[in-house]
Structures are given as C-alpha cells and as structure tokens.
Amino acid sequence: EFSSKLGLPQMTACTTVNEPSSTPCFATVYATGTQPSVPDTSTTAGLVALREHAVDIEMAHAMAPKASIVMVEAPTFGLFDTPSIFSAVQCASQIVTAMGGGLISNSWGTAKTKDDVHEYPGEISDDAYFKTQGIVYTTSSGDTLAPSNYPSSSPNVVSVGGTAFVRDKKGDFVKEVAWINDIGGGSSGGPSVYEPRYPFQNTVMKVVGTARGTPDIAAIASN
C-alpha cells in the first residue's frame, strides 16, 4: 500500500540473500536462524517497536527504491542486550557483503529512557562490529535527549539525529530545530564519555572538545 500511494516499485520476496539481486527485493532474516518472540501489540512498547520497523523499511524504500532491503531480527526483543544485538549486526554485515555491499541502518541504542545507561567502558572494543569494508553503518542518535548514546557514539558509524520544523500560523516554514517529543524525550546527542574525537571532527573541535560528538547529521523526525 505504501509503495502504491507513492508510486514506488513493488518489492518482491528475495529468493536468496547470499548474492546480489538483479531486481529490488525484500527479506526478513533471523540472526540466529530462529524466529524471536513477536512484540506484544497489546502494549505500547510492542506497538511502537512494530511501527518503527515499518517506518524504517518504508523510508529506506522511498529513499532507495531500486535497492534490496533485508530486515535482520535480533534473538531477543527488549532493552539493549549486547550479545543479542551484536549477533544481528554481524549477520547483517555478512548478508550485505554477500549482496555486494551497501548500508546497514541501526535503529537501536543502549538507552530507552533518560535513566538508562547511555554508554559503557567496553564500547570501544565493540566498535569493531561496525568496520566491515564496503558497508556504511548508520545509527539512531537516540530519543532520550543528552547525553550521547551507543552505538551512535562509535566513530565507525554515521550518527543520525532528529529535527522538527517550526511553522507560522499560515503553515509557512520558519526554522528547523532539534526534535523534542511530547513525553519528555527528544533527539539525543553530545560528547561521548569514552570515545575520543577523531580527525574527521577536527573542524568542530570547539564544539565537541576532545570527545567524539554526535549526531553527525539530522533529518526531520516529526510531522
């Protein structure tokens, strides 16, 4: 329905994810080979999770209508779980490499609320998960305001934040600001606690100091 309304090509089911596809296709892959439990749609968290999955896939298709899309599901659903989520990152990296390279979008982070752990001492060693040749990794900067979130703070990813448009009474554009939601959250970012500033951010050293700063880019996150 989404593709039809926007005049986008319909995606067929991928026959394999072990080699490049001649036509755009879609597939769902379970990182461990076993389907994880389905989010409980009777809860707000479950509904939000499924909605985010749909939006991510739809926007990816809208931006790259001729690209194949593979959704990789981690073994567990819930708060950040290092072994679980990184098995999915590894699986996705193997698939994208087999299909000829491309982009991996990570719409997850360590913190789900402002009180959760946003970064952790061992994250620098985990940066290696986002270093496969021929692949660009993008990550959500988070939606819990400051501080920085992982893996958004990794120097091996493109950290993507959110913005909102301010319009006047006529509906005309006035300015673009950092996105803030109606439940006390908003686009995350700031200097990393553990990751140092890398040369690609030397031009903004007066902003980020000696630390890796996030986000790198931002795009509209509200209506």
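Are Phe 130 and Tyr 150 buried or exposed? In this predicted model, both Phe 130 and Tyr 150 turn out to be buried. The two residues are a handy way into the structure, and the text returns to them after a look at the sheet near the start of the chain.

That sheet is an open one, built from 3 strands in the order 1-2-3 with parallel pairing. Strand 1 (12-13) and strand 3 (69-73) sit at the edges with a single partner strand each, so one side of each has no neighbour in the sheet. Strand 1 is held to strand 2 (residues 25-30) by 2 bridges, and the two run parallel. Within this pairing, Ala 13 has Phe 26 of strand 2 standing opposite. Helix 2 (residues 44-63) packs on the sheet and touches strand 2 and strand 3. The direction of helix 2 makes about 155° with that of strand 3. Helix 3 (residues 82-98) also lies across strand 2 and strand 3, and runs at about 155° to strand 3.

Two residues of helix 2 make a nice contrast. His 61 belongs to this helix and is buried, at a relative accessible area of just 3%; the cut-off for buried is under 20%. What does His 61 touch, leaving aside residues up to four places away in sequence? The contacts are Ser 3, Leu 8, Pro 9, Met 11 and Ile 69. With Pro 9 there is a polar detail too: the backbone oxygen of Pro 9 lies 2.8 Å from a polar atom of the His 61 side chain. Asp 56 is also placed in helix 2, but here the relative accessibility is 32%, which counts as partly exposed. From Asp 56 to Met 71, 15 residues apart along the chain, the C-alpha atoms are separated by 9.7 Å.

Next come the aromatic rings, where the count comes to 8 pairs. One of them joins Phe 86 and Trp 108, edge-to-face, with 6.0 Å from centre to centre and 75° between the planes. Phe 86 is part of helix 3, while Trp 108 sits in the loop between strand 4 (102-106) and helix 4 (123-126), so this pair ties together parts that are 22 residues apart in sequence. Phe 86 is buried at 1% relative accessibility, and Trp 108 is buried as well, with a relative accessible area of 13%.

Back to the opening residues: the rings of Phe 130 and Tyr 150 have centres 6.4 Å apart and planes at 70°, so they too make an edge-to-face pair. Phe 130 comes from the loop between helix 4 and strand 5 (135-140) and Tyr 150 from the loop between strand 5 and strand 6 (158-167), so the pair links parts 20 residues apart in sequence. These residues belong to a wider group, since ring pairs link Phe 86, Trp 108, Tyr 120, Tyr 129, Phe 130, Tyr 137 and Tyr 150 into a cluster.

Strand 6 has several partners along the chain. With strand 5 the pairing is parallel and uses 3 bridges, and Ser 140 stands opposite Val 160 of strand 6. Strand 10 (residues 217-220) pairs with strand 6 in the parallel sense as well, over 4 bridges. Strand 7, by contrast, pairs with strand 6 in the antiparallel sense, over 5 bridges. Thr 163 shows both of these pairings: Ile 220 in strand 10 stands opposite this residue, and Ala 178 is the bridge partner in strand 7.

Strand 6 and strand 7 form a hairpin with 5 residues between the strands, and there Gly 171 takes a positive phi near 90°. Asp 172 is found in the loop between strand 6 and strand 7 (173-178) and is partly exposed at 42% relative accessibility. Setting aside residues up to four places away in sequence, Asp 172 touches Val 166 and Arg 167. The C-alpha atoms of Asp 172 and Trp 108, 64 residues apart along the chain, are separated by 33 Å.

How many salt bridges does a search of the whole structure find? The search gives 1. In this salt bridge the side chains of Arg 212 and Asp 216 meet, at 2.7 Å from N to O. Arg 212 is buried, at 0% relative accessibility, whereas Asp 216 is partly exposed, with a relative accessible area of 31%.

Definitions and conventions:
Residues are numbered from 1 along each chain as its sequence is written. This is a predicted model: local features need pLDDT of at least 70, side-chain atom pairs count only at pLDDT 80 or more; totals for chains, interfaces and linings use all residues. Side-chain values use heavy atoms; hydrogens and water are left out. Two strands pair if DSSP finds at least two bridges between them. Contact means heavy atoms within 4.5 Å. Axes are lines fitted to C-alpha atoms, for helices over the stretch in contact, and angles run from 0 to 180 degrees between N-to-C directions. Buried means under 20% relative accessible area, exposed over 50%, partly exposed in between (1.4 Å probe, protein chains only). A polar contact is a pair of N or O atoms within 3.5 Å; within protein, one must be able to donate a hydrogen and the other to accept it, and residues adjacent in sequence count only if both atoms are side-chain atoms. Rings of Phe, Tyr and Trp (its six-membered ring) pair if their centres lie within 6.5 Å; planes under 30 degrees apart count as stacked, over 60 as edge-to-face and the rest as tilted. A salt bridge is a side-chain nitrogen of Lys or Arg within 4 Å of a carboxyl oxygen of Asp or Glu.
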